[in-house]
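Please open the model in your viewer and keep the selection panel at hand. The tour below goes from one selection to the next and says what is found at each stop.

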Amino acid sequence: MEKILVTGGLGFIGSHTAVALLESGFEVIIIDDLSNASKEVLTGIQTITGVLPEFHQIDLRDKEAVSQFFKAHTDLKYAIHFAASKAVGESVSDPLLYYENNLMGLINLLNPLVSKSSGVIFSSSCTVYGQADQMPITEEAPIKPAESPYGNTKQIGEEILRDTVAAHPQLSVVALRYFNPIGAHESAEIGELPIGVPQNLVPFITQTAIGMRAQLSVWGNDYPTIDGTCIRDYIHVVDLAYAHLAALKRLIQKQQKMPFEVFNVGTGKGSSVLEVIESFERVSGQKLNYRIAERRAGDVIQAYADTTRANEVLGWKAQFTLDDAMRSAWKWEQKVRG
Ligand code: UD1
């Protein structure tokens with residue numbers, strides 16, 4: 001079975017994808033710099049799958065280390081590239097860190113791959129659409145000027161890949177534009193582990209419920225939506241992992257119509273912030289302490305995916321509901337901090 005390199009494989013989405021790959025019989029090699037993940041995640045992956053994947057602590061900005069790694073793994077042709085920084089606020093205060101991590105890392109990974117028949121799956125984001133004019137958002141929707149250096153690295157990352165496949169026809173790329181990944185593996189062996197105060201909604205909800213945070217602030221209830229709060233497309237991270245598997249099979253079986261393909265990965269269903277809170281209260285049987293606060297700068301009113309392309313071309317569709325995802329996130333939080 002094919003060997004797959006998973007960069008950032010100890011992170012939130014990377015670890016769930018590593019599990020899905022191992023369960024499908026792939027050999028997995030993980031690279032992670034441990035800047036935002038712990039080595040214990042390897043144990044979680046092993047507990048679920050019975051396999052301890054090969055692991056290398058490498059910072060992808062280190063060109064020499066990456067090149068040495070590929071010299072020792074000449075048969076490696078496929079990479080799923082998660083390793084990147086992802087905190088929007090931090091990217092505004094430290095843009096060079098984001099351009100360095102997210103773009104140099106990508107370039108250093110591509111260099112050893114372009115000369116062979118190879119395939120890369122790139123973690124992109126619905127953030128590239130900004131506030132789209134039409135819902136649901138198709139892949140044809142225009143790319144809006146990025147709202148943050150983080151968002152810009154995703155746009156530039158896609159451009160780097162588009163240019164690189166044009167020059168190197170042996171390389172094929174799938175960019176997956178994730179909507180809002182949430183939840184955890186049902187075993188609660190792996191999940192999301194934000195460092196410091198979470199900026200994202202679901203970890204903030206579960207940390208509030210467990211007593212680590214006093215209260216959740218709902219950023220604005222005067223948006224033009226069903227209940228005034230923002231709408232997002234929350235996708236279970238295990239569904240997201242399966243989307244990578246489907247994309248990988250397409251790359252390996254050389255089924256691509258174009259050397260660079262883009263897919264939205266969401267559920268196709270929008271949920272408001274209050275609906276997410278209600279879902280949490282339903283599955284946990286617990287009331288959440290929250291208040292309505294001012295709008296947060298940079299938030300779009302609504303973003304949810306048209307997933308037709310992924311459904312039809314990748315043969316992939318999200319299976320889990322919002323309640324499933326909230327239940328798994330809560331189970332994970334209770335296990336980690338309870
Ligand atoms: C954010 C990023 C996005 C990035 C994604 C990565 C912004 C503007 N966007 O998406 O680019 O790809 O994270 O995970 O930062 N909310 C609250 N209270 C909270 C936290 C969030 O009400 O304490 C609301 C937000 O206003 C939003 C929704 O919950 O309506 C989801 O927020 P969040 O989880 O931060 O994700 P996004 O902002 O959609």
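Which residue of β5 does Ile80 stand opposite? Select Ile80 and look across to β5, where the residue opposite is Ile121. Please keep in mind throughout that this is a predicted model.

**The strands around β4**

Stay with β4 and widen the selection to the pairing as a whole: β4 and β5 run parallel and are paired over four bridges. Now turn to the other partner, strand β1 (residues 3–7), which is joined to β4 (residues 78–81) by four bridges, again with the two strands running parallel. Two positions can be picked out along this pairing, since Ile4 stands opposite Tyr78, while Leu5 stands opposite Ala79.

Next, colour the residues of β4 by the side of the sheet to which they belong. In a regular strand the side chains alternate between the two faces of the sheet. In β4, Tyr78 and Ile80 lie on one side and Ala79 and His81 on the other, and all of these are buried, so that both faces of the strand are covered.

**The whole sheet**

Zoom out and select the strands in the order β3-β2-β1-β4-β5-β6-β11, which gives an open sheet of seven strands with parallel pairing. At its edges are β3 (54–57) and β11 (260–265), each of which pairs on one side only. If you view the sheet along its strands, you can follow the turn between neighbours, which is 20° on average when direction is ignored. Then add helix α6 (residues 149–167), which packs on this sheet and touches β5 (118–125), β6 (171–178) and β11, with its direction at about 155° to that of β5.

**A cis peptide bond**

From β5, follow the chain into the loop that leads to α6 and select Pro136, which lies there. The bond between Met135 and Pro136 is a cis peptide bond, with omega at about -15°.

**Two residues with positive phi**

Select Ala188 in the loop between β7 (180–182) and α7 (201–210). Its phi is near 60°, a positive value in a residue other than glycine. Is Ala188 buried or exposed? With a relative accessible area of 3%, Ala188 is buried, because that value falls under the 20% limit.

Then move to Lys254, in the loop between α8 and β11, where phi is near 55° and thus also positive in a residue other than glycine. Lys254 counts as exposed, because its relative accessibility of 54% is over the 50% limit.

**The second largest pocket**

For the last stop, show the second largest pocket, which holds about 230 Å³ of space. Of the 14 residues that line this pocket, His185, Glu186, His236, Val238 and Phe320 are the closest to its centre, and they make a convenient selection to begin with. Next, display α1 (12–23), α8 (237–252) and α11 (322–337), the elements that give two or more residues to the lining. Among these, α1 gives the most, with four residues. Colouring the lining by class finally shows six nonpolar, four polar and four charged residues.

Methods. Residues are numbered from 1 along each chain as its sequence is written. This is a predicted model: local features need pLDDT of at least 70, side-chain atom pairs count only at pLDDT 80 or more; totals for chains, interfaces and linings use all residues. Side-chain values use heavy atoms; hydrogens and water are left out. Two strands pair if DSSP finds at least two bridges between them. Axes are lines fitted to C-alpha atoms, for helices over the stretch in contact, and angles run from 0 to 180 degrees between N-to-C directions. Contact means heavy atoms within 4.5 Å. On a 1 Å grid over the protein atoms alone, a cavity is a set of points where a 1.4 Å probe fits but cannot get out, and a pocket is an open set with protein on both sides within 12 Å along at least five of seven lines; lining residues have an atom within 4 Å of a point. Grid points are joined across faces, edges and corners, and a volume is the space filled by probe spheres set on the points. Ala, Val, Leu, Ile, Met, Phe, Trp, Tyr, Cys and Pro count as nonpolar, Asp, Glu, Lys and Arg as charged, and the others, Gly among them, as polar. Buried means under 20% relative accessible area, exposed over 50%, partly exposed in between (1.4 Å probe, protein chains only).
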